[in-house]
Amino acid sequence: VRRFIYIGGISVQPAFPALVLMILSQASALSRNAPNAPGLQEMGLSLGMTAVAAVLVYLQPNLSTATLYVAVWGALIFTSGIKVSYLSSLGLAGVAAIPVVLPLLPEYMQARILNFMQPDRDPWASYNLEQALISIGSGGLWGKGFASGTQSQLHFLRVRHTDFIFSVICEEVGFIGAGILLLAFGLLLWRMIRIAANAGDLTGQLIVVGVAMYIFYQLLVNIGMNLSVLPVAGLPMPFISSGGSSLVIAYIGIGLVQSVSMRRKRLEF
């Protein structure tokens, strides 16, 4: 269980390719009874597959990407049309597990959650969050110009090329530029929802929903932590943050969505 695998000088994050495989396998498992809703057997198989994968990613350690697995699975299981009673039971079990799981997390993971709830608890830990907010606010309406942001270019803002790339965008292109970027993401996600709605079968629909959640969840968490409304997590902004594995898998996901869009009619054998 490794967070990075190095192949000829190139680093690969296996959690991202594995997530695509999980989406494909889950789509197949949850659509076995289509057009009927998945039963207990399918739900148990789906939950077991996701739990094993998420735990392995957590042990890397990589809690943020493990939550991505859970979020994608939640979107898939909801879209599959599973009974509301099953969903309610899963939701209650998840809520009940929170107080049991939190004390078992490594100390630095617990610290991130506590620092989010109590910003004054650790001034050193909250330093970068304050710099991120300064970057966002100082950009104003139009921004300071490309590569002209003081917080980012003078290195007051750390991890600016990955986790805090949104703050850099706000500082350099301002509210208008950031708004256009979010509008582009919104258009992309809306098109994915349309493709899912028009998919020829449940398998294709689930694949599109899984890819859409993969993009949306990372976008939500990345922007949320930049705005200090969510705890700090190591999830990139799709298509924007530096990171080869995440970018390649995002493009593979878009390719899968395009494939579903091209085959709206059920294949006949």
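**View 1. T65 and its partners from elsewhere in the chain.** Setting aside neighbours within four places in sequence, T65 touches A15, V57 and L235. All the views in this set come from a predicted model. T65 belongs to helix α3. Its relative accessibility is 2%, so T65 counts as buried, the cut-off for that label being under 20%. One of the partners, V57, will turn up again in the next view, where V57 is listed on the α2 side of a helix contact that has T65 on the α3 side.

**View 2. Helices α2 and α3 side by side.** Here α2, residues 40-58, packs against α3, residues 63-79, with the axes 8 Å apart and an angle of about 165° between them. That angle makes α2 roughly antiparallel to α3, because angles over 145 degrees fall in this class. The crossing of the two helices is right-handed. If you would like to pick out the side chains, α2 brings M43, S46, L47, T50, A53, A54, V57 and Y58 to the contact, while α3 brings L63, T65, A66, Y69, W73 and I77. What is the make-up of this contact in nonpolar, polar and charged residues? Eleven are nonpolar, three are polar and none is charged.

**View 3. The cis peptide bond at Q60 and P61.** Stay with the same pair of helices and look at the loop between α2 and α3, where P61 is found. The bond joining Q60 and P61 is cis, with omega about 0°. For context, most peptide bonds are trans.

**View 4. Helix α6, its buried side and what follows.** Does the length of this helix fit its residue count, and what span should one expect? The 16 residues of α6, 123-138, should span 22 Å at 1.5 Å a residue, and the end C-alpha atoms are 21 Å apart, which agrees. The residues of α6 that are buried are S126, N128, L129, Q131, A132 and S135. These buried residues pack against three helices: α7 (150-153), α8 (165-197) and α9 (202-226). After α6 comes G140, with a positive phi near 65°.

**View 5. F175 on helix α8.** G140 appears again here, this time as a contact of F175. F175 sits in helix α8. Is F175 buried or exposed? With 59% relative accessibility, F175 counts as exposed, since the label applies over 50%. Leaving out neighbours within four places in sequence, its contacts are G140 and L141. For a sense of scale, the C-alpha atoms of F175 and G244 are separated by 27 Å, with these positions 69 residues apart along the chain.

**View 6. Helices α8 and α10 crossing.** The axes of α8 and α10 (residues 244-262) come within 10 Å and cross at roughly 40°. This makes α8 oblique to α10. The crossing is left-handed. On the α8 side you will find L188, M192 and I195, and they meet I254, V257, V260 and S261 of α10. By class, the contact holds six nonpolar residues, one polar residue and no charged ones.

**View 7. G243 and Q13.** G243 lies in the loop between α9 and α10. Its relative accessibility of 33% means that G243 counts as partly exposed. How far apart are the C-alpha atoms of G243 and Q13? They are separated by 9.2 Å, although the two residues are 230 residues apart along the chain.

**View 8. Positive phi at A147 and S228.** Most residues other than glycine have a negative phi, and this view gathers two residues to check against that background. A147 is not a glycine, yet its phi is positive, at about 60°. A147 is in the loop between α6 and α7, and at 39% relative accessibility A147 counts as partly exposed. S228, also not a glycine, has a positive phi of about 65°. The loop between α9 and α10 holds S228, which counts as partly exposed at 28% relative accessibility.

Methods. Residues are numbered from 1 along each chain as its sequence is written. This is a predicted model: local features need pLDDT of at least 70, side-chain atom pairs count only at pLDDT 80 or more; totals for chains, interfaces and linings use all residues. Side-chain values use heavy atoms; hydrogens and water are left out. Axes are lines fitted to C-alpha atoms, for helices over the stretch in contact, and angles run from 0 to 180 degrees between N-to-C directions. Helices (H or I, at least four residues) and strands (E, at least two) are DSSP runs, numbered from the N terminus. Angles under 35 degrees count as roughly parallel, over 145 as roughly antiparallel, 65 to 115 as roughly perpendicular and the rest as oblique. A crossing is left-handed if the near helix is turned anticlockwise from the far one by less than a right angle, and right-handed if clockwise. Contact means heavy atoms within 4.5 Å. Ala, Val, Leu, Ile, Met, Phe, Trp, Tyr, Cys and Pro count as nonpolar, Asp, Glu, Lys and Arg as charged, and the others, Gly among them, as polar. The expected span of a helix is 1.5 Å times one less than its number of residues. Buried means under 20% relative accessible area, exposed over 50%, partly exposed in between (1.4 Å probe, protein chains only).
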